[in-house]
Amino acid sequence: MQGITEKIKELAKQQRLSIRQIEIAAGLSNGSITRWSEKSPSIDKVFRVANVLGCTVDDLIREDAEPAEPIFRSVAN
């Protein structure tokens with residue numbers, strides 16, 4: 001299982017950005033993203049990082065690549 005911090009690090013590497021550059025662009029304090037491995041961030045902070053990386057919040061927080069199955073299915077009459 002890959003956590004949000006690892007996903008951000010992977011995307012940062014692909015885009016040749018440092019974690020600090022992402023934090024600055026997202027308006028976060030130094031070390032914020034690294035601390036997310038210990039304490040969950042607010043959705044607002046995740047949204048700002050996703051915008052910097054050009055991805056969606058879903059890309060950062062989902063564990064699987066497949067769309068989730070709907071809980072309820074409509075039944076045809």
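Contact here means heavy atoms within 4.5 Å.

**View 1. Helix H1 and its buried face, in a predicted model.** H1 spans residues 4-14, and its buried residues are Ile4, Thr5, Lys7, Ile8, Leu11 and Ala12. Look down the axis of H1 and these buried residues fall within an arc of 160 degrees, so they line one face of the helix. Flip to the other side of H1 and you'll find Lys13 and Gln14, which are exposed.

**View 2. What sits over the buried residues of H1.** The cover includes four helices from further along: H2 (19-26), H3 (32-35), H4 (43-53) and H5 (57-61). The next view picks out H4.

**View 3. H1 packed against H4.** Two packed helices are described by the angle between their axes and the distance between the axes. For H1 and H4, the axes come within 11 Å and cross at roughly 20 degrees. Angles under 35 degrees count as roughly parallel, so H1 is roughly parallel to H4. As for handedness, H1 passes H4 in a left-handed crossing.

**View 4. Side chains where H1 meets H4.** H1 brings Ile4, Ile8, Leu11 and Ala12 to the contact, while H4 brings Val46, Val49 and Leu53. Sort the residues of this contact by type and you get 7 nonpolar, no polar and no charged. Ile4, Ile8, Leu11 and Ala12 also turn up among the buried residues of H1.

**View 5. The backbone just past H1.** Keep going just after H1 and you hit Arg16, which takes a positive phi of about 55 degrees.

Note on methods: Residues are numbered from 1 along each chain as its sequence is written. This is a predicted model: local features need pLDDT of at least 70, side-chain atom pairs count only at pLDDT 80 or more; totals for chains, interfaces and linings use all residues. Side-chain values use heavy atoms; hydrogens and water are left out. Buried means under 20% relative accessible area, exposed over 50%, partly exposed in between (1.4 Å probe, protein chains only). Helices (H or I, at least four residues) and strands (E, at least two) are DSSP runs, numbered from the N terminus. The arc is that of the directions from the helix axis to the C-beta atoms. Axes are lines fitted to C-alpha atoms, for helices over the stretch in contact, and angles run from 0 to 180 degrees between N-to-C directions. Angles under 35 degrees count as roughly parallel, over 145 as roughly antiparallel, 65 to 115 as roughly perpendicular and the rest as oblique. A crossing is left-handed if the near helix is turned anticlockwise from the far one by less than a right angle, and right-handed if clockwise. Ala, Val, Leu, Ile, Met, Phe, Trp, Tyr, Cys and Pro count as nonpolar, Asp, Glu, Lys and Arg as charged, and the others, Gly among them, as polar.
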